Amino acid sequence: MTTQELYSEPRVRVGAGWISALVLANLGLFMAFLTPIQVLLAEQIDELSPSGKEVALGWATGVGALVAVVANPLAGALSDRTSGRFGRRRPWILGGAVLGAVGLAVTAAQTTVVGVALGWCLAQLGLNAMLAGTNAVVPDQVPVRQRAAVSGFLGIPMTLGLVVGALLVTMVVTGIATGYLLLAVLTVLCALPFVLFMPDPQVPVSAREPVRLKDFWVSPRAYPDFGWAWLTRFLVMLGNALGTLFLLYFLKDAVHYPDPDEGVLILTLLYTAGVVVTAVAGGVVSDRLGRRKALVAAGSAVMAVASLLLTLWHTWPMAMGAAALLGLGFGMYIAVDQALITQVLPQAGDRAKDLGVINVANSAPQVLGPALAAPIVTYAGGYAGLYLSAAVVTALGGVLVWKIRSVP
C-alpha cells in the first residue's frame, strides 16, 4: 500500500465481521477499564481504608487517569509510526491487552492503598495503549458516512463492559482478587479475534517520521474545530466523572439502598439499556442526515437533565429513572460525537496520536473529577452539590459544540 492510499479517506464500507470483532475487543477493554473503577477498586479500598474511602478512591483513580493522559497519545504516536507485517495498530492492541492484564493481576495482589494505585497505573498504561489502537482503526478503515453507525456499535461495549464485568465479579466469581484475574484473562481473549483475523495496512518505511514532543500540541488557533471538539468532550466527560465516581457511596450513604453493589448493577443495566436504544439508532440517523452537532447537543442536554434529577431527589426510584435517562443521552452523544471528532482530525498520518490527544479529554476528567468531587461532597452541598455540578458542566459541553464550523 502506498503512502497516499494509506492516508486517504477510506471508501469501502466495513462488514459485520469487522465490526463484531472490534466490538468484542472493546468489550474486553472496557470491562477492564470500568469494572475496577465502579466495583473492584471501590470494594478493595473500602476494605483497606474504610474511614477515608472517598479520598483514597479518588486519589487512586486520579493517579491512574494521569497515567492515561500521557500513555494514550504517546502510544498513538508510536502506533502511527509502527511498521511491519503485523500492521501498525494490531501490535498495540495485543501488547496493550497483555500489559493491562498484568497490571490487573498486580492490583489484585496489593494490600495497601499505595500498592493498589501503582497496580492500577500499570493497568492504565497497558489499557490505554490498547485503546489507542482500537480507536484509530475507525478513521483508518471506516468511511465517513458509516462512522457514526460504527461508533454507535462501539458505544455499546463502553457501557455493556461494566454490566458484564459487574455480573462476573459479583455473581460468577467470589473475591476481589479473583475478579481482577478473570478480567485480566478476558481482556486478552477478547482482543484476539480482531488481532488475528482482521486486516491492518502496513506503514511504508518511507512514511515513518520521528516522534517529537512538539507534535503532541495541537494548536487550537491553527485547528479551532479540533480545539472546540476537545473542550466539549472534556466538559461532558467531566460531568460524567463527577456523576459516576461515587455512585457506590451515593447509594450507600445518601439513598441508603440495602445492597449498594446490587444497586450499582441494577442502575448500570438500566443505563446500558438506554445506551443500546440510542447509540446505533442515533449513529444511523446522523450518517443518513450528514449532521452531527444537533444530535451531540441533544445527547448532552439529556445527560444534564439526568444529573439534575439526582440533584433534587435522592431516592431509589429517581436513581433508576436518572440512570435510564443518562444512558439514552450518552448513547446518542458518544456515537455521534466520536464520528464528529474523526472529521476534525488535523493530519491523516497522525490519526492515533490526535485521537490520543482527544482521549486526554476523556482521561483528564478522571484526574480532575476526584479532586473536585471529594471536596464538593464533603464541604459544598454533599451529593446534591455534586450532581448539580455534573449537570452544569455537561450542559455547557453540549452548548459549545455549536462552535465547530467544519462539520454540520
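What pattern does the protein follow, read along the sequence? Every step is a helix: α-α-α-α-α-α-α-α-α-α-α-α-α-α. That makes 14 helices and zero strands, counted as DSSP runs from the N terminus (H or I over at least four residues for helices, E over at least two for strands). The model is predicted, so to speak for itself, local features need pLDDT of at least 70 and side-chain atom pairs pLDDT 80 or more, while totals for chains, interfaces and linings use all residues. Residues are numbered from 1 along each chain as its sequence is written, and side-chain values use heavy atoms, with hydrogens and water left out.

As for overall form, the C-alpha trace spans about 60 × 45 × 40 Å along its principal axes. Of the 408 residues, 59% count as buried, meaning under 20% relative accessible area with a 1.4 Å probe and protein chains only; exposed is over 50%, and partly exposed lies in between. Among contacts (heavy atoms within 4.5 Å) between residues at least 6 apart in sequence, 86% join residues at least 24 apart.

Cys121 gives a local example. Cys121 sits in helix 5, residues 113-141, and is buried, at a relative accessible area of 11%. Leaving aside residues up to four places away in sequence, Cys121 touches Val63, Gly64 and Val67. Val67 is 54 residues from Cys121 in sequence, yet their C-alpha atoms are 6.2 Å apart.

Val106, in helix 4, is partly exposed, with a relative accessible area of 33%.
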